[in-house]
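Here are my notes on this one, for you to read with the model open. Have a look at the picture before you start on the points.

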Amino acid sequence: MAKDKIIEVMAFGLEVGKLGYDTDQGKSYFQYHPDFLESGQYSELFPFIFKRTKQVQVFSEYQQDTFQSLPPMIADSLPDTFGNVIFQEWLNVRGIQKVTPWCKTT
């Protein structure tokens, strides 16, 4: 998996961890940031999907159920159909041609 396919997962101004996606295998990956785990903050954040562990967690079971096979809480944070219309207009105004879950705009 290429480094440019990895994004930071942020909540409340803190880096919770990193999320990656392997297009060839159709799997997403998540790993908590060690400082976030050690802080003990927000222990109920993502309580049912992400285990509070330092190891990389692999998700392949969402291939047919969520956007880009992302874990549900990440996929749910992305725009729905109406939100996509609004988001597309925002991109057009800024001259941005293409956006994927893995690109970053400045």
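The points below go from the whole chain to the core and then to one residue.

1. Before anything else: this is a predicted model, where local features need pLDDT of at least 70, side-chain atom pairs count only at pLDDT 80 or more, and totals for chains, interfaces and linings use all residues. Residues are numbered from 1 along each chain as its sequence is written, and side-chain values use heavy atoms, leaving out hydrogens and water.

2. The protein chain has 3 helices and 4 strands, in the order β-β-β-α-β-α-α from the N terminus. Helices here are DSSP runs of H or I with at least four residues, and strands are runs of E with at least two. Of its 106 residues, 29% count as buried (under 20% relative accessible area, 1.4 Å probe, protein chains only).

3. Now find the largest nonpolar core, which has 17 residues; such a core is a set of buried Ala, Val, Leu, Ile, Met, Phe, Trp, Tyr and Cys residues joined through side-chain atoms within 4.5 Å. Its largest share, 3 residues, comes from α2. I74 is among the residues with the most contacts inside this core, and I74 touches V9, L19 and F50, leaving aside residues up to four places away in sequence (a contact is heavy atoms within 4.5 Å).

4. What about D22, in strand β2? D22 is buried yet has no salt bridge (a side-chain nitrogen of Lys or Arg within 4 Å of a carboxyl oxygen of Asp or Glu). The nearest side chain of opposite charge, K27, is 7.9 Å away. Instead, look at the backbone: the D22 side chain reaches the backbone nitrogen of D24 at 2.9 Å, and the backbone nitrogen of Q25 lies 3.0 Å from a polar atom of that side chain.

Key. Buried < 20%, exposed > 50% of the residue type's maximum accessible area, 1.4 Å probe, protein only. Lys, Arg positive; Asp, Glu negative; His and termini not counted. Polar contact = N/O pair within 3.5 Å; in protein donor to acceptor, adjacent residues only side chain to side chain.
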